[in-house]
Amino acid sequence: MKNKPFTKNIIKLEDIEKTCNNIIEKLKDDVYNKLQRKGGIVGISGGIDSSVTLALAVKAFGKENVTGILLPEKDSSPDSAMLANKLAEKFGIKTIVENISDALDGFGCYRRRDEAMQRVFPEYDPKTYKSKIAIKQDVLNQNMPSIFSLVIIDKNGNQKSKMLPMNEYLQIVAASNFKQRSRMSMLYYHAEALHYAVIGTPNKHEVEQGFFVKYGDGGADVMPIGDLYKSQVYEIAAYLGVPQEIIDRTPTTDTYSAEQTQEEFFYQLPFELMDLIWYGWENDYDTGDVAYALNLKPNQIEHVYKTFERKMKTTEYLRLAPIRDYK
Amino acid sequence: MKQNTTSTERIKEYVINNAAGTNNFQIDESTLLFEEGLFDSMGFMALIAFLQEEYNIQANDDELVVENFESINAIVTYVNKKLSA
């Protein structure tokens, strides 16, 4: 089948109401019939993905059968709780706050992470510095794998950045992943206590490019927005009445103590552009057609296509269920 | 000249032993390692760690460009440039 001409509007939802109704009907069928559960638990962070997931869950199960769980820890932005509460108020759901900082202390999450950071910057002190991980490469103009840098910021806003050696990078990520995995454990506690399902919040990019933690935020019973581009998530957010402050918020990871956007940590592109190039890549559009529509050069699109291929390949293990065909 | 030869052989050996998905694929000095998908982020970070350990080379942020790492030849040129600096 021949592809339709590539334009900037190619992934715009043609009928938002119909898309929402399809998701809601499938969510009901999956949770009530396949999973045999009577409602949904959603971890709400004040971000766009969890907000839209919650709004869809409320439409599917009714507000009395959905509970929103806030899971702050000591590096969380205060905005997250404020926005999550606004969302809960808007959709009339019950919320439970579970601060996971003590659990993370017990796992040694902060200590293990800080030890690795101090090997890179001996002066780093978590009490006086903020920190984050960033990717510096320009994905549009270079075809090379990501190299991560550790950024530390002192009280006066002075910033230092250094390339992360592999062992330190792996330790920081492994330690930080306790956050998502602790959240998953807590969501399942509440889901099992209420005989509900855990409604996962990853969108299409997070699932397919591997921007999630295996058995962390990737641990859920259903993922109702798992097939939606980020820009489509925003379209649905506006349609379902998600508070404007949440729609206007820059997507962040809310994982490291310094403010860190998803773009600088992982995607390396604004999501509007990434969505369109991803669509072009997965539907085999010629790089020239995509470049023309987006006012870019074909070799820039080629670089991004290569990055997508690399990410799909290197994150394949995250999407794999345990392998058990050993007989 | 000896240094060049040593670097090329040692780096080539490292790349061949550590490149991903090389079944039925012949790597030579000019093979484009990223274009061919032979090195991902972990592989690239390990390569940088190898250069540091083997040659005591500390790669600066502004040196992490495709021209310095795209092939065995490029890596050798980069290593020799760093060693002679």
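This passage describes the domains, cores, charged pairs and selected residues of a predicted model.

Chain A is divided into two domains. Domain 1 covers 12-119 + 177-257, and domain 2 covers 269-318. Their centres, taken over C-alpha atoms, are separated by 27 Å. At the contact between them, 11 residues of domain 1 meet 12 residues of domain 2.

The largest nonpolar core holds 60 residues. The members that touch the most others are A:Phe6, A:Val52, A:Leu54, A:Val242 and A:Ile277. Helix H2 (residues 48-61) of chain A gives this core its largest share, 9 residues. Both domain 1 and domain 2 of chain A contribute residues, so the core lies between them. A second core, of 46 residues, lies apart from this one. Among its members are A:Tyr129, A:Ile135, A:Ile147 and A:Val173.

A:Val242 shows how the largest core is put together around one of its members. Leaving out residues up to four places away in sequence, A:Val242 touches A:Ser51, A:Val52 and A:Ala55. On the same count, its contacts also include A:Leu87, A:Phe91, A:Ala237 and A:Ile247. A:Val52 is itself one of the members with the most contacts in the core.

Charged pairs were examined next. Over all chains, the structure holds 22 salt bridges. One of them joins helix H8 to helix H2 of chain A: A:Lys230 lies in H8 and A:Asp49 in H2. The two side chains meet at 3.0 Å, N to O. The pair ties together parts that are 181 residues apart in sequence. Both A:Lys230 and A:Asp49 are buried.

A salt bridge also links A:Arg119 and A:Glu168, at 2.8 Å, N to O. A:Arg119 belongs to helix H5 (residues 109-120) and A:Glu168 to helix H6, so this pair ties together parts 49 residues apart in sequence. The two partners differ in burial. A:Arg119 is partly exposed, at 45% relative accessibility. A:Glu168 is buried, with a relative accessible area of 13%.

A pair within one helix is formed by A:Lys28 and A:Glu25 of helix H1 (residues 16-34). Their side chains meet in a salt bridge of 3.5 Å, N to O. The two residues are 3 apart in the helix, and are therefore separated by about one helical turn. A:Lys28 is partly exposed, with a relative accessible area of 26%. A:Glu25 also counts as partly exposed, at 48%. Elsewhere, a network of salt bridges links A:Glu73, A:Asp75, A:Arg113, A:Asp114 and A:Lys179.

A:Lys214 presents another case. This residue is buried yet has no salt bridge. The nearest side chain of opposite charge, that of A:Glu316, is 9.4 Å away. The side chain of A:Lys214 does have backbone partners. A polar atom of this side chain lies 2.7 Å from the backbone oxygen of A:Tyr317. The side chain also reaches the backbone oxygen of A:Leu320, at 3.1 Å. Beyond residues up to four places away in sequence, A:Lys214 touches A:Arg181, A:Tyr317, A:Leu318 and A:Leu320. A:Lys214 is found in the loop between helix H7 (204-209) and helix H8 (230-240) of chain A.

The loop between H7 and H8 also holds A:Tyr215. Most residues other than glycine have a negative phi. The phi of A:Tyr215 is instead positive, near 60 degrees. A:Tyr215 is partly exposed, with a relative accessible area of 44%. A:Asp284 likewise has a positive phi, near 60 degrees. A:Asp284 is placed in the loop between helix H11 (271-282) and helix H12 (287-294) of chain A. At 69% relative accessibility, A:Asp284 counts as exposed.

A:Ser182 was considered last. A:Ser182 sits in helix H6 (residues 166-194) of chain A. This serine is buried, with a relative accessible area of 8%. A polar atom of the A:Ser182 side chain lies 2.7 Å from the backbone oxygen of A:Phe178. Leaving aside neighbours within four places in sequence, A:Ser182 is in contact with A:Ile100, A:Leu104 and A:Phe107.

Methods: Residues are numbered from 1 along each chain as its sequence is written. Chains are lettered from A and ligands numbered from 1 in the order in which they are written. This is a predicted model: local features need pLDDT of at least 70, side-chain atom pairs count only at pLDDT 80 or more; totals for chains, interfaces and linings use all residues. Side-chain values use heavy atoms; hydrogens and water are left out. A nonpolar core is a set of buried Ala, Val, Leu, Ile, Met, Phe, Trp, Tyr and Cys residues joined through side-chain atoms within 4.5 Å. Buried means under 20% relative accessible area, exposed over 50%, partly exposed in between (1.4 Å probe, protein chains only). Helices (H or I, at least four residues) and strands (E, at least two) are DSSP runs, numbered from the N terminus. Domain bounds come from an automatic or database domain assignment. Contact means heavy atoms within 4.5 Å. Lys and Arg count as positive and Asp and Glu as negative; His and the chain ends are not counted. A salt bridge is a side-chain nitrogen of Lys or Arg within 4 Å of a carboxyl oxygen of Asp or Glu. A polar contact is a pair of N or O atoms within 3.5 Å; within protein, one must be able to donate a hydrogen and the other to accept it, and residues adjacent in sequence count only if both atoms are side-chain atoms.
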